[in-house]
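Here is my note on the model you sent round. Please read it with the structure open beside you.

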Amino acid sequence: MKKIIFILFLYLFHLSSGLKAQTDKEFWFAAPQVSYKHGNKPVYLRFASFENPTKIEISIPANNAFKPIVLSLNAFSSKSIDLSAYLGLLECTPDQSILNKGLHILSTEIITAYYEIMGSNNGNVVNSDIFTLKGNYGLGTHFITPFQTYWDNESTVDGWSSIDIVSTEDSTKISVTLTKDAFGHEANTPFTITLNKGQCYSIKAASRLGSMHMAGSEIISDRPIAVTLKDDSIEEGVSYDLAGDQIVSVDKTGKEYVIVKGSGDYSTDRAYITATEDNTNIYGSDSLLATLNKRETLEFQLTDSAAYIKSDKPVYVFHITAFEQELAGALLPSLKCSGSKRIVFTRTNDERFVLNLVTRKGNEDSFKLNGKNWIKGSDFKPVTGTDSTWLYYSGDVDINTVPPDLPAYIENLKGDFHLATLNGTETGTGFRYGYFSDYGFLELGADKIMCPGTLISLDGGYGNSQFNWTFNNNPLSDKQRIVIADSGTYKVEVTKGLDCKMKDSIDIKFFPEITSLILPEDTSYCLNSKITVSTLNTFSSYTWQDNSTGDTLSVPSPGIYWVEVTNEFGCKKIDSINVSGLTIPEVKIFPPIDELNFCKQDSITLSASNAFANYFWNTGDTLSTIITTHNEEDKYWLHVTGYNGCRNADTLILDCSPYIQNPPNLITPNGDDKNEYFKIGDLKKGKWDLEIYNRWGSRVYYKKGYFNEFNGDNLEDGIYYYFLRQVENKRMLKGWLEIIR
């Protein structure tokens, strides 16, 4: 068989370029701890697919004991996974500890995903919110936290606010500077933690007061991380509820936002605007609201049903809204270069369900829900301060239009839009709020040095309308996604909506290919021997098919064996070898046909049963047939070598002891060295036992394995009787023996 050499894991490496918000193939999440005293489960991961069926893997990469959960989704379908049983493995707690609890989700096609906490107490949902997972746009190296600062955490149920961080790569160094004290960490005193891939770290505020929340805290890392903000059981009137979301990095914030108020009249909505640069001017409609320095937060209280926020430098906007006294929070997407043309979502229960929509003027007549006309353009209202450029809609959706547990997809045939869902009841139970539209921005990712043989997928972004790819400044493609395998510079310019153009580039390089020989050519071995396969060169690590990790493998049987080697760059390659088995020559020394004559003859003839390439007898002869004399043990062996080079051996042991002559009946032990012993010719040592009795029947001598030792010591002259028994009971001799001195 020809030796097989191939690349292991020749896979499609997705750089997450241009896939935004919840619409992505890969998601990282640090699951926050929620108080069990108020209600922290059930907890669900909710998924929805688009045009293509997909497979999804849910894992905890830093915990090898966790078996990944794998599921499949058909096109335009949804599925929920109950994670309640895994909370001990998932929730990033205790704080101030490096934990192997980060959540990772991989999909073969783009999906939307969110983490929903339906905290129940006595059968009622009382503490809930959704954390929309933002895929690649949830990753970054620079974050500032836009916490709310108005509502306190309820102490009777042990509610706290926290920052939860997960790392996507090993040896990630993270520096944190807090604006308020946390347990174990002082405000304005930077501290550093180092996390490996999939590890998380939780920072819990030292106070439950809203004014002491860690708004404006800064997080800087040298590798991509994801950040979750949590406010557990925040008080409003006699109620308290969960609010939180996964946030984006500073470079993915924007300058224009529309805030659509929730449906509750009891509590006025509040938005928290956090500056990412010094001297940032914040405008509401046309008036200046405030000038903020970097990391400062402005609390903005909504008085209208919708508000327009504009700034001259990028800011975060975190919105707390409500159904009456039940609160929830969401990070808002900016308007510039963002929004979706199609969004898939799922209503998970029969509670009140509200959809908020924001879109440009001109798109309002083109919405469809599950392929059908749903709302009229006249249902939209202008957002104050935008000269009617931006319109919004907020309305209840009845259960017949969007049934629970079935995927619903809303699309606009003309332009992009933003969608938020609000789900819950006004009093006594929980409330969930989240944005599902893309957060915008084009990002091909950091420059990459890859292993040879890796196919790389670059994506210009789901929902963008035009794509112009170049390779080393030469035209390449007008498709959304390209697959490349060459080193060089790749650039893309995309168009989104009416007036948004975005550009990005990435340099791709490859490590040197593994060209060293790995395994020798196919080989064979004799089946009665052992063989060890060794690599021909040295590598950083080895993994054989039996999971052993040395540079050699002891082969247990014929077959094809492979080893995966890793070089100093972490690149892998596999090689295999076919080990076949050679037949062992069957050898047998022909035994004599007449054993008695064989034992009587002085010279004997021995021969091998078959023909072989070489012979070697214990006599030193090298022919197939030999003539030799008896040896002391009548033991003869033959080593042969077959024509295939394999060796074998046979041994012939003959027992001539049953054929001895009759023993003598007289011994004269008088010291003249003649006839001194009861000596039997041809006696084989260890083959006979001897008993001697006197004439009165008393045993006077016994020897097991007799070998001519008896000379009548200490016995009187006279007649005695002997019994000589062959140990295998092949023969017994008896008679009389006279001793005369």
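How many of the residues of β32 are buried?

1. **A covered strand.** Keep in mind that this is a predicted model. In β32, 5 of the 5 residues are buried, so the strand is largely enclosed by the rest of the structure. Buried here means under 20% relative accessible area. Its side chains point two ways. Phe 431, Tyr 433 and Tyr 435 point one way, while Arg 432 and Gly 434 point the other way. Look at both faces: all of these residues are buried.

2. **The sheet around β32.** Strands of a sheet pair through backbone hydrogen bonds, either parallel or antiparallel. Here 5 strands make an open sheet, and the pairing is antiparallel. Their order is β28-β29-β25-β31-β32. At the edges stand β28 (381-382) and β32 (431-435), each of which pairs on one side only. The partner of β32 is strand β31 (residues 417-424), and 5 bridges hold this antiparallel pair. To find the pairing on screen, start at Leu 422, which stands opposite Tyr 433 in β32.

3. **A second open sheet.** This sheet has 4 strands with antiparallel pairing, in the order β24-β30-β26-β27. Its edges are β24 and β27 (372-373). Each has a single partner strand, so one side of each has no neighbour in the sheet.

4. **An edge strand that is largely enclosed.** Is β24 largely enclosed or left open by the rest of the structure? In β24 (residues 342-346), 4 of the 5 residues are buried, so the strand is largely enclosed. Its antiparallel partner is strand β30 (residues 407-412), joined to β24 by 5 bridges. Two pairs are worth locating. Ile 343 stands opposite Ile 410 in β30. Thr 346 has Pro 407 of β30 as its bridge partner.

5. **A buried salt bridge.** Side chains of opposite charge can pair when their charged atoms come close. The count for this model is 20 salt bridges. One of them joins the side chains of Glu 116 and Arg 46, at 2.7 Å from N to O. Glu 116 is in strand β8 (residues 103-121) and Arg 46 in strand β4 (residues 43-49), so the pair links distant parts of the chain, 70 residues apart. Are these two residues buried or exposed? Glu 116 has 2% relative accessibility, so it counts as buried. Arg 46 has 6%, so it counts as buried too.

6. **Two partly exposed salt bridges.** Arg 223 and Glu 169 form a salt bridge, with their closest N and O atoms 3.5 Å apart. Arg 223 is in strand β15 (residues 218-236), and Glu 169 is in the loop between β11 (161-167) and β12 (172-177), so the bridge ties together parts 54 residues apart in sequence. Arg 223 is partly exposed, with a relative accessible area of 29%. Glu 169 is partly exposed at 31%. Now turn to Asp 396 and Arg 352, whose side chains meet at 2.6 Å, N to O. Asp 396 lies in strand β29 (residues 390-396) and Arg 352 in strand β25 (residues 352-360), so this pair ties together parts 44 residues apart in sequence. Asp 396 counts as partly exposed at 45% relative accessibility. Arg 352 counts as partly exposed at 23%.

7. **A shared network.** Which residues do salt bridges with shared partners join into one network? They are Arg 46, Glu 116, Glu 351 and Arg 432. Recall that Arg 432 is one of the buried residues of β32.

8. **Two surface patches.** The first patch is nonpolar: Ile 719, Tyr 721 and Trp 736 together have about 270 Å² of accessible area on the surface. Tyr 721 sits in strand β54 (residues 718-726). At 37% relative accessibility, Tyr 721 counts as partly exposed. The second patch carries negative charge: Glu 277, Asp 278, Glu 296 and Asp 312 gather on the surface. Asp 312 belongs to strand β22 (residues 306-323). With 33% relative accessibility, Asp 312 counts as partly exposed.

Key:
Residues numbered from 1 in each chain as written. Predicted model: local features only at pLDDT ≥ 70, side-chain atom pairs only at ≥ 80, totals over all residues. Heavy atoms only, no water. Patch = residues over 30% accessible without salt bridge, like charges linked within 9 Å, V, L, I, M, F, W, Y side chains within 5 Å. Areas by Shrake-Rupley, 256 points an atom, 1.4 Å probe, with all protein chains shown as cover. Salt bridge = Lys/Arg side-chain N within 4 Å of Asp/Glu carboxyl O. Buried < 20%, exposed > 50% of the residue type's maximum accessible area, 1.4 Å probe, protein only. Lys, Arg positive; Asp, Glu negative; His and termini not counted. Charge placed at Lys NZ, Arg CZ, Asp CG, Glu CD. Pairing = 2+ DSSP bridges.
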